[in-house]
Amino acid sequence: MKANALWVVEPNKIEVRPFEVEEPKYDEVMFRTMAGGVCCWDSSLYQGISALGPMPYVIGHESVGVIEKVGSGVTNLQPEDAVFCAAGSNEMMAQYVTVKADCVVKLPDNTTDWVSAVVEPTCCVVSLLFLTHIEPGDHVVLIGAGYMGTLTLQGLTRGSQAGRITVFEVREDRRKMAEEYQPCEVFDPNSKEGKKVITDIIDRGGADVVIEFSRERSGFELANKIIKMAGKLVIGSWHRGKMEFDGTSWHLGGITVYNLSPMANLHYTEILPRTYELIKRGIYEPGKLVTHVANYKDSEEVFLRSIDKKDGYMKGVLLFED
């Protein structure tokens, strides 16, 4: 069937065009999209960066909606069920999406806040923290408190065994937001106080776990400076581009490097319903961090803000309402 979708037709130009949506097979479902999150990868794709194929292409992988059809082998979902989708397609900015049934999780029947129901990024964070195996009392350093970094901070302060939690963030507005989640300390890494703390961490042998979400070379370099011998380095933010590093320090330091990608977890789809249980408990509040919302037919401003980060941008969501 045909449905409207967002197509990147050339760098920095997006259009609504028809898209062919496949009928659900035996173990698949089709859902009617109500909203979709704008990921940092979508922002890059909008600019023509890091594409998997030639233009034009459809983007999106963070959608929520209502089940339209189910395959004959799907017994746990039915038409009109509200669901979030966190895997199975990179073409979700369309009015209808077809994916494997285990890529969606049922939401309450009375769901109306579709913006807050965009859960895919939270699933990535939960998977990442699960794989990292933070041990009791670990000193965890978070570099970068944007959307993904702050989601991670929610998990660290509300649902982990971390001991000392240190946050480094260059933007004052984001530092203030980070302080709301009560880590042990929040600093500008370029300030006199921040530099002193960095020196102190290094002098003490380094942090047990360093999670890098700054998307900047300076943040990545800081992460490599303050990780301890045999520590855990989590890469969360430059997975869609090139980054240079000195493998000697990783090798001689015995560093274990973790990848944010869901593909790093062979059991990722099992994380999806577990993530929703944590959201219901209030450990994660993804909707609280969304700053920009627009209809998918008027999406340009959201994409522009996702690039320049003006107007306090942290996260954008597009509504698929005609």
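## A tour of one helix pair and three loops

Begin by selecting residues 192-203, helix α5, together with residues 217-226, helix α6: in this predicted model the two helices pack at an angle of about 35 degrees, and their axes lie 9 Å apart. To see what fills the contact, show the side chains of Ile198, Ile201 and Ile202 on α5, and then those of Leu222, Lys225 and Ile226 on α6, since these are the residues that make it. Coloured by class, the contact of α5 with α6 comprises five nonpolar residues, one charged residue and no polar ones.

Next, move to the loop that runs between α1 (40-46) and β4 (57-58), and select Pro56, which lies in it. The peptide bond leading from Met55 to Pro56 is cis, and its omega is near -5 degrees.

From there, go to the loop between α2 (120-132) and β9 (140-143), where His133 is found. The backbone of His133 has a phi near 55 degrees, which is a positive value in a residue other than glycine. Is His133 buried, exposed or partly exposed? Its relative accessibility is 48%, and because partly exposed covers the range between under 20% for buried and over 50% for exposed, His133 counts as partly exposed.

The last stop is Lys309, in the loop between α9 (300-308) and β16 (316-319). Although Lys309 is not a glycine, its phi is positive, at about 60 degrees. A surface display can be added here as well: Lys309 has a relative accessible area of 28%, and is therefore partly exposed.

Note on methods:
Residues are numbered from 1 along each chain as its sequence is written. This is a predicted model: local features need pLDDT of at least 70, side-chain atom pairs count only at pLDDT 80 or more; totals for chains, interfaces and linings use all residues. Side-chain values use heavy atoms; hydrogens and water are left out. Axes are lines fitted to C-alpha atoms, for helices over the stretch in contact, and angles run from 0 to 180 degrees between N-to-C directions. Helices (H or I, at least four residues) and strands (E, at least two) are DSSP runs, numbered from the N terminus. Contact means heavy atoms within 4.5 Å. Ala, Val, Leu, Ile, Met, Phe, Trp, Tyr, Cys and Pro count as nonpolar, Asp, Glu, Lys and Arg as charged, and the others, Gly among them, as polar. Buried means under 20% relative accessible area, exposed over 50%, partly exposed in between (1.4 Å probe, protein chains only).
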